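Visitor: I should like to learn how to read the features of a model such as this one. May we go through it step by step?

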Amino acid sequence: MEESGVIKPSSSPWCFPVVLVKKKGGSTRFCINYRMLDDVTKKDSYLLLRIDDTLDTLAGTKWFSTVDLQSGSWQEEIAKKDKEKTAFGVNGGFWQLNVMPFGLCHARLPWRD
């Protein structure tokens, strides 16, 4: 993860536990438990889009596309001021994420600052 730029060494005052979860296929998923951070995060509130309005917007569209992203939640960088909040410790190392982790509520994207 460090070689690919997903994590970097940290000196953050935050630290969250790592959980390794067995997937159906037998492989292991690396997860960080951010529930305590989510509990103190001020939540944004947005109205839920109506599905009929969404489908009406697509009516008459001739082209559709999909993008298959590996580790989709790791495609977006986190705002610099919020990266320290993603810190975790493993095997004597202390790290923080550079990219949006799965399960982190309302992570601040760089363009939302």
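Visitor: Which side chains meet in a salt bridge at 2.6 Å, N to O?

Guide: A word on the source comes before the answer: this is a predicted model. As a general idea, side chains of opposite charge can pair when their charged atoms come close. Here the side chains of R50 and D52 form such a salt bridge, with 2.6 Å from N to O.

Visitor: Are these two residues buried or exposed?

Guide: Buried means under 20% relative accessible area and exposed means over 50%, with partly exposed in between. R50 has a relative accessible area of 51% and is therefore exposed. D52 has 34%, so D52 is partly exposed.

Visitor: How many salt bridges does the model contain?

Guide: The count comes to 5 salt bridges. One of them joins the side chains of D82 and K85, at 2.8 Å from N to O. Salt bridges that share partners also link R50, D52 and D53 into one network.

Visitor: How is the exposure of D82 and K85 to be read?

Guide: The cut-offs apply again. D82 is buried because its relative accessible area is 7%, whereas K85, at 29% relative accessibility, is partly exposed.

Visitor: With which residue does the side chain of K83 form a salt bridge?

Guide: The partner is E77, and the N to O distance is 2.9 Å. The contact between these two side chains is also listed as a polar contact, at 2.9 Å. K83 lies in helix α3, which spans residues 80-83.

Visitor: Why does K83 count as buried?

Guide: A residue is buried if its relative accessible area is under 20%. K83 has 7% relative accessibility, so K83 counts as buried. Its partner E77 has 42% and therefore counts as partly exposed.

Visitor: Let us turn to the overall arrangement. How many helices and strands does the protein have?

Guide: There are 3 helices and 5 strands. One reads their order along the sequence as a pattern, which here is β-β-β-α-α-α-β-β. Of the 113 residues in the protein, 24% are buried.

Visitor: Which strands form the open sheet, and in what order?

Guide: A sheet is described by the order of its neighbouring strands, which need not follow the sequence. In this model 3 strands form an open sheet in the order β1-β5-β4, with antiparallel pairing. The edge strands, each pairing on one side only, are β1 (7-9) and β4 (88-90). On average, neighbouring strands of this sheet are turned by 40 degrees against each other, direction ignored.

Visitor: How many bridges connect β1 with β5?

Guide: β1 and β5 (residues 93-97) pair over 3 bridges in the antiparallel sense. To place the pairing at the level of residues, one may take I7, whose bridge partner in β5 is L97.

Visitor: What does the side chain of N98 reach?

Guide: N98 is in the segment after β5. Its side chain reaches the backbone oxygen of G5 at 3.0 Å. N98 counts as buried because its relative accessibility is 13%.

Visitor: Which strands form a hairpin, and how many residues lie between them?

Guide: A hairpin is read from its two strands and the turn that joins them. Here β2 and β3 form a hairpin with 5 residues between them. In the turn, G26 has a positive phi of about 100 degrees. Strand β2 (residues 18-22) pairs with strand β3 (residues 28-32) in the antiparallel sense over 5 bridges. Within that pairing, the bridge partner of V19 in β3 is C31.

Visitor: One helix remains to be examined. How many of the 8 residues of α2 are buried?

Guide: The count of buried residues in α2 is 0, and the helix is hardly covered. I51 has its place in this helix, at residues 51-58. With a relative accessible area of 59%, I51 is exposed because it passes the 50% cut-off. Just after α2, G60 takes a positive phi of about 85 degrees.

Visitor: Which residues make the nonpolar surface patch?

Guide: I51, L55, L58 and F64 make this patch, which has an area of about 440 Å².

Terms used:
Residues are numbered from 1 along each chain as its sequence is written. This is a predicted model: local features need pLDDT of at least 70, side-chain atom pairs count only at pLDDT 80 or more; totals for chains, interfaces and linings use all residues. Side-chain values use heavy atoms; hydrogens and water are left out. Two strands pair if DSSP finds at least two bridges between them. Helices (H or I, at least four residues) and strands (E, at least two) are DSSP runs, numbered from the N terminus. Axes are lines fitted to C-alpha atoms, for helices over the stretch in contact, and angles run from 0 to 180 degrees between N-to-C directions. Patches are made of residues with over 30% relative accessible area and no salt bridge: like charges are joined within 9 Å, nonpolar side chains (Val, Leu, Ile, Met, Phe, Trp, Tyr) within 5 Å. Accessible areas come from the Shrake-Rupley method with a 1.4 Å probe; for residues, only the protein chains shown count as cover. A salt bridge is a side-chain nitrogen of Lys or Arg within 4 Å of a carboxyl oxygen of Asp or Glu. Buried means under 20% relative accessible area, exposed over 50%, partly exposed in between (1.4 Å probe, protein chains only). A polar contact is a pair of N or O atoms within 3.5 Å; within protein, one must be able to donate a hydrogen and the other to accept it, and residues adjacent in sequence count only if both atoms are side-chain atoms.
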